[in-house]
Amino acid sequence: MDFNGSSGGGSDHRQIEESKPLLGEMSATEGNKMGAAPCRRALLHCNGMRYKLLQEGDIQVCVIRHPRTFLSKILTSKFLRRWEPHHLTLADNSVASATPTGYMENSISYSAIEDVQLLSWENAPKYCLQLTIPGGTVLLQAANSYLRDQWFHSLQWKKKIYKYKKVLSNPSRWEVVLKEIRTLVDMALTSPLQDDSIHQAPLEIVSKLLSENNNLTTQDHESIIVAIAPLLENNHPPPDLCEFFCKHCRERPRSMVVIEVFTPVVQRILKHNMDFGKCPRLRLFTQEYILALNELNAGMEVVKKFIHSMHGPTGQCPHPRVLPNLVAVCLAAIYSCYEEFINSRDNSPSLKEIRNGCQQQCDRKPNLPLRLLHTSPDLVSQEATLTESRLKPVIVTSNEIHVEVERNNTANQKMTANVGNDSEPNLIDCLMVSPTCSTMSIELSTQADRILGCYVEILKMLSDYDDWRPALASLLQPIPFPKEALAHEKFTKELKYVIQRFAEDPRQEVHSCLLSVRAGKDGWFQLYSPGGVACDDDGELFASMVRVCNNVHILMGSCYKTKKFLLSLAENKLGPCMLLALRGNQTMVEILCLMLEYNIIDNNDTQLQIISTLESTDVGKRMYEQLCDRQRELKELQRKGGPTRLTLPSKSTDADLARLLSSGSFGNLENLSLAFTNVTSACAEHLIKLPSLKQLNLWSTQFGDAGLRLLSEHLTMLQVLNLCETPVTDAGLLALSSMKSLCSLNMNSTKLSADTYEDLKAKLPNLKEVDVRYTEAW
C-alpha cells in the first residue's frame with residue numbers, strides 16, 4: 001500500500017498544509033467541517049508533562065482507505081478492520097516498519113502526512129492516534145495515554161523538522177527565512193519533548209543554511225545570531241555554526257552581539273566541554289571570542305573581568321572544567337602564533353636524526369648547545385643531508401631561524417643516554433645558548449604578536465588564583481609549548497611571571513611541578529637556570545626555584561628525593577650554583593653545603609673548589625663552619641661505645657630523642673624502641689645517623705611516609721621494623737623495597753594495600769616474618 005502517492009484532493013490539502021504556520025493547530029470547528037463530530041481533538045497546550053523523543057517503538061497499526069466525507073461514519077463504527085503489531089522507526093524522512101508487510105509494506109513519508117490528531121473513542125476508550133494521508137487514514141494505537149501522547153509529539157516534531165529542512169534549503173527572501181528561523185526556535189523552546197536533539201536539530205538546520213550561503217550582510221548575520229540565541233543557552237553550537245561565529249568575531253569584534261549573545265555561549269562551553277579534541281571548532285570559537293573581547297576599548301580589562309566571571313566570586317571555582325578548558329585554548333592560541341615556524345621546520349632533519357647523525361662515532365654524548373645565527377643566504381646554501389651531518393654541523397632552518405648544532409668537546413656536563421638510545425634529545429639541551437651568543441630572534445606578524453600577548457596575559461591571570469594554581473602548574477609541568485616559543489625571548493620573558501608565582505607558592509603540589517615530569521625530561525627548573533635560553537636575570541628565579549624545590553623535599557622529610565635532587569644539580573648545574581654562591585646567594589650557599597654534607601661530590605678537586613667558594617663570602621664561611629660542627633657531632637655520635645639497646649619512655653617527643661642522642665656516643669646501638677611515644681617523621685634525620693641500628697620499633701607512633709622514605713635510603717642494614725598502628729601508606733611502604741636486609745616487618749593496622757604487599761614480597765628476598773593483620777592485604 002503506497003502512502004506517498006497523491007491524488008487531486010490530496011495535493012490540494014498538502015498545499016493548504018504547507019501554507020499554514022508550522023506551529024499552528026486546527027481548531028475544533030475545522031475538525032467538525034471534516035466530519036469528525038464524534039471525535040475530540042486534543043489541543044496542544046503545555047500541561048507540564050514531558051516526553052522523550054521517540055526514535056522507534058512497538059505500536060498497533062490500522063489503515064482505512066475512505067473518502068474524506070465518510071470519515072465520521074467509519075470512526076464511530078463498532079467493527080473496524082484488523083490491527084497489526086509493528087515496530088515503527090521514526091526516520092528523518094519517513095515512518096517505516098521493521099517488518100515491511102501488511103499495512104506498513106511501504107514507508108510513510110512525512111510530506112504525505114497531512115495532519116496528526118489525538119483521538120478519544122466514545123464507546124470503548126482506546127489510546128489512538130490518527131495520521132491523515134491522501135485518500136485514507138492511518139490509526140496508531142498505544143498501550144496507554146502517556147505512550148500515545150509521546151508518539152503524537154514525536155511525530156509532530158519529526159514532521160515539522162522535515163518541513164523546515166525543505167523550506168530553509170532553498171531560501172528566496174532572507175526576511176522570510178529569518179521569520180521561519182524564529183518560528184523554528186519558538187517551536188523547539190515550547191516543545192514538551194525533552195531530548196538533546198530538540199534544540200540541536202534547529203541549530204544544525206541553521207548551521208547548514210549559513211554554510212551554503214556566504215553572501216549574507218552583517219545585519220543578516222546579527223539577526224540570525226539573535227534569533228537562535230535562546231537555543232544556545234543549553235546547547236553547544238554545531239561545527240559550521242562555530243565557524244560562522246568565528247567569522248563574526250573576526251569581522252565585527254566590537255559588535256554588541258559578541259558581548260550579549262556569545263558570552264553565555266562561551267561560558268557554557270568552558271564549564272561543560274569535556275574534550276576539545278573531539279570538537280576543535282568549539283575551541284577555535286572560544287579563542288576568537290576572547291580575542292574579540294581584547295579588541296574592545298578596555299582591552300585586557302574586559303578579558304580579566306571575563307576570566308573572573310568564569311572563576312566566580314568565591315575563593316574556590318565551582319566548575320572543575322573551566323581551568324583545563326581555558327588552558328587548552330591558551331596553548332592552542334600560542335601554538336598558532338608559531339605555526340609558520342613549526343611547519344617550515346617539518347622538512348628539516350628531526351632532532352632525533354640530528355642527534356643520531358652527529359654521534360655515531362662516540363660512546364658518550366656531549367652536550368649540544370645551539371649557536372644561534374642571523375638569517376643569511378649563505379647559511380641556507382650550507383644545509384646538509386643527514387649523511388653529511390655525520391661529518392659536519394647540521395643546520396636546522398626555518399623562515400626566520402637558522403640554528404647550527406655543533407659538538408662541544410669541552411663540555412663539563414655528562415649525557416647519560418647510550419649510543420643506541422633513539423629517544424629525542426632533551427628539550428633544554430636543544431635550546432641551550434652559547435655564552436657568546438644571543439637568544440633566537442623570532443619576528444612574529446602583528447596579528448600573531450597580538451594573539452601571543454593576549455593569551456600569555458591570560459596565563460598570568462590564571463596563575464593569580466590560589467585555587468587554580470596547583471592544577472595550572474600540573475598542566476604546564478610537561479612544558480606544552482613548541483620549541484620555537486621557548487626560544488622566543490618575548491614569550492619566555494612574559495611567562496616568567498607565571499613560573500615566579502609557582503616558585504612563591506608555599507604548597508608542595510605547586511613546587512613539584514617546577515621539576516621535570518619524569519626522569520630524562522627537562523622542566524621549568526632547567527629552562528630558567530643560568531645558561532638556559534630563558535634565563536635573563538643572572539639566576540635570581542633559578543635560585544628561588546632551587547630554594548623551594550629543595551625545601552619541598554626537606555618538608556616532605558624525604559632525604560632520598562633531596563639527595564637525588566642535589567645529585568641532579570651537581571651533574572648539570574654545578575657551575576651556575578657555584579657562581580651564584582660566589583655572588584653571595586644564600587640559597588646556593590645552602591645547596592653547596594648540603595652537597596658536601598651528603599657526599600654528593602666525589603672528586604676531591606671539585607670539593608676543594610666548593611669549599612673555596614663557600615669561604616669567599618661571609619655567609620658561606622658561616623654556613624661552612626656550621627657544617628663542620630655538625631660533622632664533628634656526627635662523628636662523636638657514631639663513635640663506638642654506648643648501649644646496644646635503648647627504649648624511650650612513652651610520650652617522648654622528637655625533641656626528647658634528639659636531646660638524648662646528642663648526649664653521648666651511640667655507635668653500638670642496635671635495638672631502638674620508640675613504641676607508644678609521640679615521635680613523628682621528623683625524628684628520621686636523627687635515626688639515620690645510627691650506623692649499627694638493626695632493630696627499630698615504631699609501634700603506635702606518628703611516624704609516616706616521609707620518615708620511611710628517609711630510612712629506606714640510609715638504614716639499609718636494618719633487619720627488624722615494627723610499623724604497627726602507624727599512619728604509613730603505600731606511598732611510604734613502597735620505599736622499603738630498597739631495604740634488602742629486612743627479615744621481619746610488622747605492618748599490622750596500617751593502610752597497606754594488597755598490591756603493595758605483593759610488590760614488597762617480590763623485592764625483599766630475606767623477608768621471613770610479616771604481619772599484615774587488619775590491612776587490605778590480610
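**Salt bridges, a patch and a helix**

Me: Is Lys763 buried, partly exposed or exposed?
Reply: This is a predicted model, so take the number as computed. Lys763 has a relative accessibility of 37%. Buried would need under 20% and exposed over 50%, so at 37% Lys763 counts as partly exposed.

Me: Which residues are joined into one network by salt bridges that share partners?
Reply: Shared partners are what link the bridges here. The network consists of Asp466, Arg469, Asp505 and Arg507.

Me: Which residue forms a salt bridge with Asp759?
Reply: Asp759 is itself partly exposed, at 24% relative accessibility. Its partner sits 4 residues away in helix α32 (residues 754-763), so about one helical turn separates the two. The closest N and O atoms are 3.5 Å apart, inside the 4 Å cut-off, and the partner is Lys763.

Me: Glu457 and Lys460 form a salt bridge; how far apart are the closest N and O atoms?
Reply: Both residues lie in helix α16 (residues 446-463), 3 residues apart, or about one turn. Glu457 is partly exposed at 28%, while Lys460 is buried at 14%. Side chains of opposite charge can pair when their charged atoms come close. For Glu457 and Lys460, the closest N and O atoms are apart by 3.2 Å.

Me: In which helix do Arg501 and Glu504 both lie?
Reply: Their side chains meet in a salt bridge, with 3.7 Å from N to O. Arg501 counts as partly exposed at 22%, and so does Glu504 at 49%. The two are 3 residues apart, about one turn, in helix α19.

Me: How many salt bridges does a search of the whole structure find?
Reply: Glu457 with Lys460 is one pair, and Arg501 with Glu504 is another. Searching the whole structure gives a total of 21.

Me: What accessible area do Met49, Tyr146 and Leu147 have together?
Reply: These residues form a nonpolar patch on the surface. Leu147, found in helix α4 (residues 145-169), is partly exposed at 31%. A patch member needs over 30% relative accessible area, so Leu147 clears that bar with its 31%. For Met49, Tyr146 and Leu147 together, the accessible area is about 230 Å².

Me: Which helices do the buried residues of α7 pack against?
Reply: Helix α7 covers residues 218-228, and its buried residues include His221, Glu222, Ile224 and Ile228. Ser223, Ile225 and Ala227 are buried there too. The buried residues of α7 pack against α5, α6, α8 and α9.

Methods:
Residues numbered from 1 in each chain as written. Predicted model: local features only at pLDDT ≥ 70, side-chain atom pairs only at ≥ 80, totals over all residues. Heavy atoms only, no water. Patch = residues over 30% accessible without salt bridge, like charges linked within 9 Å, V, L, I, M, F, W, Y side chains within 5 Å. Areas by Shrake-Rupley, 256 points an atom, 1.4 Å probe, with all protein chains shown as cover. Buried < 20%, exposed > 50% of the residue type's maximum accessible area, 1.4 Å probe, protein only. Contact = heavy atoms within 4.5 Å.
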